[in-house]
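Q: I'd like a close look at the side-chain contacts in this structure. Please take me through the charged pairs, then the rings and what lies around them.

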Amino acid sequence: MRRNHSSTPRTPRLPRSSRVFGSLLLVAAAGVFTLGAAPSARAAVPPTPLDRVIPAPASVQPGGTPYRLARGTSVRVDATPEVRRIGAYLAGILRPSTGYRLPLTESAAAGIRLHLAKGDYGAEGYRLHSGADGVTLTASAPAGLFHGVQTLRQLLPAAVEKRTVQPGPWQIAGGTVTDRPRYSYRGAMLDVSRHFFTVAQVEHYIDELALYKVNELHLHLSDDQGWRIAIDSWPRLAPYGGSTEVGGGKGGYYTKAEYREIVRYAASRYLEVVPEIDMPGHTNAALASYAPLNCNGEAPPLYTGTKVGFSSLCATKQVTYDFANDVLRELAALTPGRYLHIGGDEAHSTSHADYVTIMDRVQPLVGKYGKTVIGWHQLTGAHPVKGAIAQYWGLDTTSAADKDQVVQAAKNGTGLILSPADRVYLDMKYTKDTKLGLDWAGLVEVQRSYDWDPGTYLAGAPSSAVKGVEAPLWSETLKTSADIDYMAFPRLPGAAELGWSPAATHDWDAYKVRLAAQAPRWDALGIGYYRSPQVPWPAA
């Protein structure tokens with residue numbers, strides 16, 4: 001997950017964001033905007049083009065008369081609980097800013113319709129058709145409708161995200177969007193171990209991820225600095241192992257009820273939670289909590305620094321496997337999703353033989369509890385079980401031998417999630433002057449983060465092995481939601497587009513204009529972001 005490094009926490013910088021008031025219109029590919037149109041001019045502002053969204057849709061056919069939301073607009077839903085919930089979610093976004101009632105109805109009426117039907121949409125695709133009479137979102141499954149709602153949001157003016165009544169107008173361009181994802185796994189990881197983040201903070205991030213059709217939330221729940229999930233069979237892990245964090249703060253942990261709430265909330269936004277218990281390294285919080293887990297039977301002190309690679313479970317003791325079994329069993333019972341992540345990176349204090357022993361004994365436990373195993377790509381140095389997925393976090397400059405080990409595993413059936421650290425690690429500094437973040441993988445500006453192809457990144461790996469893309473966010477230097485926002489935006493939407501959009505849509509020059517158009521929406525949502533000079537942002 002990271003190269004061996006040592007870093008001291010830096011003083012966070014307040015996020016920089018432009019506060020844009022009034023209506024904005026993108027009128028040229030160079031990113032020129034008209035600000036603060038007078039009320040009489042607002043009606044003349046054309047709607048957002050159908051292709052001016054992130055992630056880029058698979059197919060766009062513009063044309064026809066735009067639809068305009070009005071006081072009489074209703075949200076027509078199918079008579080199913082899930083569709084009704086999605087309709088209520090959409091109405092909940094639109095009502096504060098429009099001031100309209102937007103009642104849910106199951107009867108025929110002009111307005112916005114959410115409809116499930118058979119079609120070539122897959123599990124997450126959708127069709128959005130807009131015309132003078134209304135907007136219809138059609139999908140084969142509720143997840144597709146929800147993703148279509150995110151597209152609909154971006155087609156409305158950015159002010160629709162505000163929580164007070166705005167002047168409008170609320171137009172949606174005429175035409176048809178037909179869309180489905182390139183990859184089924186489109187993830188973001190949040191490290192809650194180095195610094196603890198509350199349920200509310202995690203849910204705030206989930207809402208931001210949902211806007212860009214991310215469908216996997218990887219939670220890094222254990223590390224040297226903190227154990228963040230209650231385990232009944234090992235009750236000291238959370239209250240003691242979770243009692244600190246980087247820099248010596250009070251830390252924290254999730255009760256089982258709180259973890260279930262995160263899972264529930266994520267599911268309401270059509271994200272699946274992927275919990276990670278890192279092993280055999282990154283385990284000092286567990287080793288400090290229970291002396292028998294150590295080879296010498298002595299518990300080390302709690303750790304609040306940022307070094308890596310010094311801790312290890314003991315391969316020769318049965319208690320190690322009892323511990324792993326209990327933790328994975330309880331976590332699997334809490335997690336309805338398909339995956340359990342077992343870490344496996346930076347085990348510098350574990351011999352290769354012991355590493356192979358531990359990983360080979362732990363992997364079957366994941367299957368025992370009905371889950372698919374994910375591990376960092378060092379897992380390919382052991383014996384990945386059938387169906388296992390390796391998460392690649394290497395660099396462009398990683399040695400050919402190390403890459404070849406991963407490629408050979410992929411050829412033998414191991415799936416791949418791509419998270420190259422010098423591309424999509426959201427905690428890497430943008431420039432040398434970035435106050436937050438680290439730079440061990442290099443400086444990662446917005447273009448570098450976006451401008452690569454997951455399908456060809458690991459030369460020789462079968463394209464069928466690539467399950468998707470994940471953007472990890474490590475928290476050695478991050479303490480607040482504002483810190484998260486500043487490091488995630490504007491790079492997160494690019495990672496989401498790499499996971500969703502067809503390779504044919506990938507073009508930096510076009511993308512940076514669409515990215516710039518997101519800035520007023522982030523302002524409306526209160527998201528503080530980095531104003532990269534590579535992007536033609538609207539003037540403040």
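A: With pleasure, and one term comes up throughout: a residue is buried under 20% relative accessible area, exposed over 50% and partly exposed in between, using a 1.4 Å probe and protein chains only. This is a predicted model, in which local features need pLDDT of at least 70 and side-chain atom pairs count only at pLDDT 80 or more, while totals for chains, interfaces and linings use all residues. Residues are numbered from 1 along each chain as its sequence is written, and side-chain values use heavy atoms, with hydrogens and water left out.

Let's begin with the charged pairs. The structure has 22 salt bridges (a side-chain nitrogen of Lys or Arg within 4 Å of a carboxyl oxygen of Asp or Glu). One of them joins D223 to R194, with 3.4 Å between the closest N and O atoms. D223 belongs to strand β14 (residues 222–223), whereas R194 sits in the loop between β12 (185–191) and α4 (199–211), so this contact spans 29 residues and links distant parts of the chain (helices are DSSP runs of H or I with at least four residues, strands are runs of E with at least two, and both are numbered from the N terminus). Both D223 and R194 are buried.

Next comes the salt bridge of E330 with K256, at 2.6 Å from N to O. Here two helices are brought together: E330 lies in α8 (residues 318–334) and K256 in α6 (residues 256–268), 74 residues apart. E330 counts as buried because its relative accessibility is 6%, and K256 is buried because its value is 16%.

R448 and D422 also form a salt bridge, their closest N and O atoms lying 3.0 Å apart. This pair again links distant parts of the chain, with R448 in helix α12 (residues 446–450) and D422 in helix α11 (residues 421–424), 26 residues apart. The two ends have unlike surroundings: R448 is partly exposed, with a relative accessible area of 29%, while D422 is buried at 5%. Beyond single pairs, salt bridges with shared partners join D191, R194, D223 and E476 into one network.

Now for the rings. The whole structure contains 25 aromatic pairs (rings of Phe, Tyr and Trp, the last by its six-membered ring, with centres within 6.5 Å; planes under 30 degrees apart are stacked, over 60 edge-to-face and the rest tilted). Among them is the tilted pair of F146 and Y270, with 5.2 Å between centres and 40° between planes. F146 is in helix α3 (residues 142–155) and Y270 is in the loop between α6 and β16 (272–279), so the pair ties together parts 124 residues apart in sequence. F146 is buried, with a relative accessible area of 1%.

Y430 and Y486 make an edge-to-face pair, 6.1 Å from centre to centre and with planes at 80°. Y430 comes from the loop between α11 and α12 and Y486 from helix α13 (residues 481–488), 56 residues apart. Both Y430 and Y486 are buried. Y430 also has a charged neighbour: R491 lies over its face, 3.8 Å from the ring centre (a charge sits over a ring if NZ of Lys or CZ of Arg is within 6 Å of the ring centre and within 35 degrees of the ring normal). Likewise, the charged end of R236 sits over the ring of Y240, 3.9 Å from the centre. Elsewhere, ring pairs gather Y212, F489, W522, Y529 and W537 into a cluster.

One last residue deserves a glance. R228 is located in the loop between β15 (226–227) and α5 (237–241), and it counts as buried because its relative accessibility is 0%. From R228 to H195 the C-alpha distance is 10.0 Å, although they are 33 residues apart in sequence.

In short, contacts such as E330 with K256 and Y430 with Y486 link distant parts of the chain.
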